[in-house]
Amino acid sequence: MAGRFPQNPTAPARATARVTGHVPAPRTRSLPLRPGTDLALTLGPLRRGPADPTYRAARDGSFWRASRTPEGPGTLRVTARNDVAEARAWGEGAAWLLDRLPALLGAEDDPAAFAPRHKLLAAVHRRRPGLRLLRTGLVLESLIPSVLEQKVTTDEAYRAWRLLVRKYGEPAPGPAPDGMHVMPDARAWSLIPSWEWHRAGVDDKRAATILRVCRVARRMEEAVDMEPAGARRRLELIPGVGPWTSAEVVQRTHGAPDEVTTGDYHLPGIVGWALAGDRTADDAAMLDLLAPYEGQRHRAARLILLSGRIPPRRAPRMTPGNIAAL
């Protein structure tokens, strides 16, 4: 059974620590961007649903991110104008976030390496020139929500992430938008009692996988220094972390342009429909269709998703489960 311990006793203190009053001056950094970089497209994979407490796209065009870095919690605010990014950061992790800002905004990505071989991809590539593949350098913040997304609807996964981060994380440092939180650290995740996983709609299998991940959190974070294939092997040593989950993680942690997601319920049919009119394509057929893009298969799949060309629905939507009601 996942989680046998009471709620983290430090959580109430953390929650009350952020009060209105003096806000420390932020650390700042200006960064030239690759011409045409689109921050919304680039940072979009970090957003886990419309109410994600760790990510916010503001009406003024700024993007906010609350992260747990190796140096502590931090809040990052980024805006872009005339191919220059202006960033501010608060909290113990502020310097870490600013040091890694270029990678986060796609400076290590090479979009010129992609050569479209289908009319659809050529058109999307032309319409969306600002797509860059980000690199966060943080494993747990991608791994835990990816585990929550296993075998359930996205709405169920997003709800679980939102509830658990808000309850067991801590308010984002600095003048972050209301409701923003930094996700719990590994110990806090491990102290979540079983009934709280249940209330969040997380079954024992996914909860147990997250607990196993948290027991070896340091070893998981070491994967950022490996090549994507080696990082995936490291992640998949954990029972419950398979190829689908490891691909979803390294796409974000490493900016890996070739690590295409397999085992997905929808993606093979979307790729098959977009490139060959085959809505019944499986993983093998999808990989065959993406073979001309070897080295850039994840980018190709991202562009296909951005095209909006999906097969017409023939069956009703999957009915969300309600574990909390059992």
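**Exercise 1. The largest cavity**

Which elements each supply at least two residues of the lining of the largest cavity? Describe this cavity in the predicted model.

*Solution.* Begin with the count: three cavities of 30 Å³ or more are present in the structure. The volume of the largest cavity is about 130 Å³. Its lining comprises 16 residues, and those closest to the centre are L46, T54, R65, E141 and W161. Next, assign the lining to elements: β3 (63–69) and α6 (140–148) each supply at least two residues. The greatest share comes from β3, which gives four residues. Finally, sort the lining by class: seven residues are nonpolar, three are polar and six are charged.

**Exercise 2. The nonpolar cores**

Determine which residues have the most contacts inside the largest nonpolar core, and which elements give two or more residues to this core.

*Solution.* The largest nonpolar core contains 34 residues, and L143, W189 and W197 have the most contacts inside it. Two or more residues come from each of α6, α7 (154–168), α8 (186–190), α10 (204–215), α11 (217–221), α12 and α13. Consider L143 individually: leaving aside residues up to four places away in sequence, L143 touches V213, M220, L235, V241, T245 and V249. A second core, separate from this one, has 21 residues, including L39, A94, L134 and L138. As general background, nonpolar side chains in soluble globular proteins tend to be buried together.

**Exercise 3. The setting of R232**

Establish whether R232 is buried or exposed, and identify the partner of its side-chain polar contact.

*Solution.* First, locate the residue: R232 belongs to helix α12, which spans residues 228–235. Second, compare its relative accessible area with the cut-off: buried means under 20%, and R232 has 13%, so it is buried. Third, examine its polar contact: the side chain of R232 meets the side chain of S246 at 2.8 Å. Fourth, list its surroundings: with residues up to four places away in sequence not counted, R232 touches P243, S246, A247, V250, E259 and V260.

**Exercise 4. The enclosure of helix α16**

Explain why helix α16 is described as largely enclosed by the rest of the structure.

*Solution.* Helix α16 covers residues 297–307, and because eight of its 11 residues are buried, the helix is largely enclosed by the rest of the structure. The buried residues are H298, R299, A300, A301, R302, L303, I304 and S307. Their packing partners are α2 (39–43), α5 (119–127), α13 (243–253), α14 (267–276) and α15 (283–290). After α16 comes G308, which has a positive phi near 75°.

Conventions: Residues are numbered from 1 along each chain as its sequence is written. This is a predicted model: local features need pLDDT of at least 70, side-chain atom pairs count only at pLDDT 80 or more; totals for chains, interfaces and linings use all residues. Side-chain values use heavy atoms; hydrogens and water are left out. Buried means under 20% relative accessible area, exposed over 50%, partly exposed in between (1.4 Å probe, protein chains only). A polar contact is a pair of N or O atoms within 3.5 Å; within protein, one must be able to donate a hydrogen and the other to accept it, and residues adjacent in sequence count only if both atoms are side-chain atoms. Contact means heavy atoms within 4.5 Å. On a 1 Å grid over the protein atoms alone, a cavity is a set of points where a 1.4 Å probe fits but cannot get out, and a pocket is an open set with protein on both sides within 12 Å along at least five of seven lines; lining residues have an atom within 4 Å of a point. Grid points are joined across faces, edges and corners, and a volume is the space filled by probe spheres set on the points. Ala, Val, Leu, Ile, Met, Phe, Trp, Tyr, Cys and Pro count as nonpolar, Asp, Glu, Lys and Arg as charged, and the others, Gly among them, as polar. A nonpolar core is a set of buried Ala, Val, Leu, Ile, Met, Phe, Trp, Tyr and Cys residues joined through side-chain atoms within 4.5 Å.
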